[in-house]
Amino acid sequence: MPFASPDPVTLALYRHRFEGIADEMGATLRRASYSPNIKERLDFSCALFDAEGAMVAQAAHIPVHLGAMPASMDAALAAFEVWHPGDVVLLNDPYAGGTHLPDITMISPVFFADETPAFFVASRAHHADVGGMTPGSLPLSTEIYQEGLIIPPIKLYDSGRCNEAVLALLLRNVRTPGERLGDLDAQRAAHAVGTQRLLALRHTHGDDEVAAYAAHVQAYSERRVRVEIASWPNGRFAFEDTLVLDHLDPHHVATIRVETTVEDEHVTFDFAGSSGVVPGSLNAVRSITQAACYYVVRGLCDDDIPVNAGCFAPVRVVTPENSVVDARPPAAVAGGNVETSQRIVDVVLGALAQTLPERVPAASQGTMNNLTMGGLTPEGQPFAYYETIAGGMGAHADGPGLSATQVHMTNTLNTPVEALERAFPMRIRQYSIRKRSGGAGAHRGGDGLIRAYEVLVPTTITLLATRRQHGPYGIAGGKAGRTGRNVEIQPDGTAVTRPGLHSGTLNANTRLRIETPGGGGWGTEA
């Protein structure tokens, strides 16, 4: 068989060719997008998949998107047996391969010579509003129907022709239809670039070589990850942490527990003992739990291993059905993607720290400090804004944690003050490092930050921000980082501390100050 044994140099070239296509898709999506959440914060991800729906390459985008995207690919392939050039499938249903409803996944086939797709290009973008109870579509919900428009796998474009009725239905159910249309068009533009680059690669090197090296890159990653895991000490290691549902009761907690088994070149993460589905939106679907486990394993491996389906093959994830780490309909899941994913990472790292103490960092902030805001501009136009807020990174054996940075399952930027104030009726009154919020130790945890908003019109806000009662843990004798804090300051100066999970309306000229957690310390302080 031709190309049965990969040439090492050619393999390296193809690895970067495939990743370069995903990177260029991301650059196109950013340039063409409308919303600050995508254009400024880069809250999107792009990837390539082979004919069977296995990931070939991804851009260095958002771990929770990319680790869960294969489930979206599976859902699309299950929904459509026949594909045509010009097809575009859209979905966001967390129970059909999605994560939470604002993350809209788009999938397009790429045809070479045959009548079946040779590859697929895919993107997932967090749209700032998809309807639901509150602006921003991350409400304090109790069932998924309150969170926004649910899109099962559906063809938005069929053979290049737009399904105008589906598009009209989607846009009628969101608060900012013009922005949504612009961001959907930006995703399509990214797919057009990905398709063009794959076709150019095929034209230069031929169908067989391109397909063969996609498989070779996947096999190479699998071999490398298996070698890495084989270097870890065998054994079983358990750890658990809690999520506090403080919008219900400061003492209402959900437990996430994992038992990690390292056996030769395999690792299993078993979440038996985790709490059942919780009465709120912090439930995670199984694909999110898988994504968090994949992220940790990949993070503990060499940096130069390509990320694709091969990386995931040696990793097994076991989840109890109808639990906080494997929710089933109609459980609310808006916060599972952003908050519970962070805590799953903390738990998995806590287990692996028992066998790899010199390689595993202390807990980072353990939250994304999600803030959605919306209302009407002075001109009477609806607006919806979303961002995650950086915090402290956990310290490690080689040094202190970074301060004021996005960590783990998010990989976004901040929204620059200038962009935020230009687009929305609000002002940033403080944006600074939260000094000494990182945990003490031989190496200190990174500091969180303080970001204070003043709304200029009545504004509905929703906060999904955990780690407000228990700080991120330290390792090897290091101390925990400081907990986060949310303070609402009325125009007369009255200050009220709000829980981590909170929704309400701010009057004009009210301020909201978010103080994010610091990371845990590493080692005993001298």
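Modeller: Helices here are DSSP runs of H or I with at least four residues, strands are runs of E with at least two, and both are numbered from the N terminus. By that count, Pro330 sits in the loop between β11 (315-318) and α9 (336-352). The model is predicted, with local features needing pLDDT of at least 70 and side-chain atom pairs pLDDT 80 or more, while totals for chains, interfaces and linings use all residues. Residues are numbered from 1 along each chain as its sequence is written, and side-chain values use heavy atoms, leaving out hydrogens and water.

Colleague: What makes the peptide bond between Pro329 and Pro330 noteworthy?

Modeller: The bond that joins Pro329 and Pro330 is cis, with omega at about 5 degrees. Most peptide bonds are trans, and most residues other than glycine have a negative phi.

Colleague: Which residue in the loop between β13 and α10 has a positive phi although it is not glycine, and how is its accessibility classed?

Modeller: Ala404, in the loop between β13 (382-387) and α10 (417-423), has phi near 50 degrees. Ala404 has 26% relative accessibility and is therefore partly exposed, given that buried means under 20% relative accessible area, exposed over 50%, and partly exposed in between (1.4 Å probe, protein chains only). His408 is found in the loop between β13 and α10 as well, and its phi is also positive, near 55 degrees. His408 has 13% relative accessibility, so it counts as buried.

Colleague: Why is α4 called oblique to α5?

Modeller: Helix α4 (residues 164-172) packs against helix α5 (residues 177-205) at an angle of about 130 degrees, their axes being 9 Å apart. That angle makes α4 oblique to α5, because angles under 35 degrees count as roughly parallel, over 145 as roughly antiparallel, 65 to 115 as roughly perpendicular and the rest as oblique. Axes are lines fitted to C-alpha atoms, for helices over the stretch in contact, and the angles run from 0 to 180 degrees between N-to-C directions. The crossing of α4 and α5 is right-handed, a term for a near helix turned clockwise from the far one by less than a right angle, with anticlockwise being left-handed.

Colleague: Which residues meet where α4 packs on α5, and of what kinds are they?

Modeller: Leu167, Leu170 and Leu171 of α4 meet Pro177, Arg180, Leu181 and Leu184 of α5, where contact means heavy atoms within 4.5 Å. The residues of this contact comprise six nonpolar, no polar and one charged. Ala, Val, Leu, Ile, Met, Phe, Trp, Tyr, Cys and Pro count as nonpolar, Asp, Glu, Lys and Arg as charged, and the others, Gly among them, as polar.

Colleague: Why are α1 and α6 described as roughly perpendicular?

Modeller: The axes of α1 and helix α6 (residues 207-230) come within 9 Å and cross at roughly 95 degrees. That crossing angle is why α1 and α6 are classed as roughly perpendicular to each other. On the α1 side, Thr10, Leu11, Tyr14, Arg15 and Phe18 take part, and they meet residues of α6 including Val210, Tyr213 and Tyr220. This contact of α1 with α6 divides into eight nonpolar, two polar and two charged residues.

Colleague: How do you know that Glu19 forms a salt bridge with Arg15?

Modeller: The closest N and O atoms of Glu19 and Arg15 are 2.9 Å apart, and a salt bridge is a side-chain nitrogen of Lys or Arg within 4 Å of a carboxyl oxygen of Asp or Glu. Both residues lie in helix α1 (residues 8-32), four residues apart, about one turn of the helix. Glu19 has 16% relative accessibility and so counts as buried; Arg15, at 16%, is therefore buried too. The structure holds 26 salt bridges.

Colleague: What makes the pair of Arg511 and Glu454 a tie between separate parts of the sequence?

Modeller: The closest N and O atoms of the Arg511 and Glu454 salt bridge are 3.8 Å apart. Arg511 lies in strand β20 (residues 511-515) and Glu454 in strand β15 (residues 448-455), so the pair ties together parts that are 57 residues apart in sequence. Arg511 is partly exposed because its relative accessibility is 35%, whereas Glu454, at 8%, counts as buried.

Colleague: Why does Ser108 count as buried?

Modeller: Ser108, in strand β4 (residues 103-110), has 6% relative accessibility and therefore counts as buried. Beyond its neighbours within four places in sequence, Ser108 is in contact with Asp87, Val88, Phe119, Phe120, Val121 and His191.
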